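Colleague: I am new to this structure. Could you take me through one part of it closely, the sheet and what packs on it?

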Amino acid sequence: MRYLLLTAFATGLLALPVRATACGPATDCMVADGTYRIRMPDGPPQGAIVFAHGYRGSANGTMGSGGLERMAREKGLALIALNAKGIDWDIPNAPDGREPRDEAAYILSVRDDAATRFDLDPARMVMAGFSAGGMITWQMACDRPDSFPAFIPLSGTFWDPVPAQCADGSATIHHIHGTSDGVVPIGGRPIGATAQGDVMQALEMYRAKGFDTSVPFTLADLECEAWSDGDAVLSYCLHPGGHRFSAAWLAVLWDQTFPGG
């Protein structure tokens, strides 16, 4: 009798609907053609930073960044870590060895999945990325300017050649670069059979959308210049260092994007 009861109990458990495995900072969240990780703030989320890692990086590596974690917690933001399919992002004109993937579709699926699964507002999500992650951030701003309220590419731009133009519509883009960056120099450099693009060419191309009236300003320890088309802002900020970024810059630019918190 005891055996029969246990068997019936086990059978009943198998008949119950299976709940989706929880995901978070140490466990992958699954979406179409990829994964991501997320760390939620201690209290109600005020928004989210969607962050793209650099070459040979990972979502797990992003989650291991103490600076990003502290910044997100202090601002009450969710930190969403994107994951390349292979060693790097599949971007036009990038060197061989990338896994093919529609990166825009993947990023949008992460945005929408995180919004639904964790009750986040897509209108308060900002995309940022460092190095190669800055390149995919620029590419997303170019191809899908309506996908995020703002884009923050850090030390990365297009692969050469810089696109002749981007999709209709304009995005708010805050580009940050080090004047002594030798890994991704402002003027670009050859990588195998291709080359990194020239940051100034990318800015000039985007400014042609109607961004005018340059305004110089200082932001934290950054020397910046900004242009506006009346709706969006294009800014270019420099620091005197090399290939690096500070999470504090993201916090300041979050406040620029969403004044008042």
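Modeller: Here is the sheet, strand by strand, with a word on confidence and on the largest pocket. The model is predicted. Its chain has an average pLDDT of 92, and 92% of the residues reach at least 70. Residues 1-20 are another matter: pLDDT stays under 50 there, and the model gives them zero contacts beyond four places in sequence. Where pLDDT is low, the predicted coordinates should not be read in detail.

Now the sheet. It is open and has 10 strands. Their order is β1-β2-β4-β3-β5-β6-β7-β12-β11-β10, with mixed pairing. At the edges sit β1 (29-31) and β10 (212-219), each paired on one side only. From one strand to the next, the twist averages 20°.

Look next at β6 (residues 151-154) and β7 (residues 173-178). These strands run parallel, and two bridges join them. Here F151 stands opposite I173 in β7.

Two helices deserve attention. Helix α4 (residues 103-118) packs on the sheet and touches β1, β2 (34-39), β4 (77-82) and β5 (125-130). Its direction makes about 45° with that of β2. Helix α6 (residues 199-207) also packs on the sheet. Helix α6 touches β7, β11 (222-228) and β12 (233-239), and its direction makes about 160° with that of β12.

Last, the largest pocket. It holds about 190 Å³ of space. It is lined by 13 residues, and Y55, D88, R98, W159 and Q196 are the closest to its centre. By class, the lining has eight nonpolar, two polar and three charged residues.

Notes. Residues numbered from 1 in each chain as written. Predicted model: local features only at pLDDT ≥ 70, side-chain atom pairs only at ≥ 80, totals over all residues. Heavy atoms only, no water. pLDDT = per-residue confidence, 0-100. Contact = heavy atoms within 4.5 Å. Pairing = 2+ DSSP bridges. Helix = DSSP H or I, 4+ residues; strand = E, 2+ residues; numbered from the N terminus. Axes fitted to C-alpha atoms, helices over the stretch in contact; angles between N-to-C directions. 1 Å grid on protein atoms, 1.4 Å probe; cavity = no way out; pocket = protein on both sides within 12 Å on 5 of 7 lines; lining within 4 Å. Points joined across faces, edges and corners; volume = space filled by probe spheres on them. Nonpolar A, V, L, I, M, F, W, Y, C, P; charged D, E, K, R; others polar.
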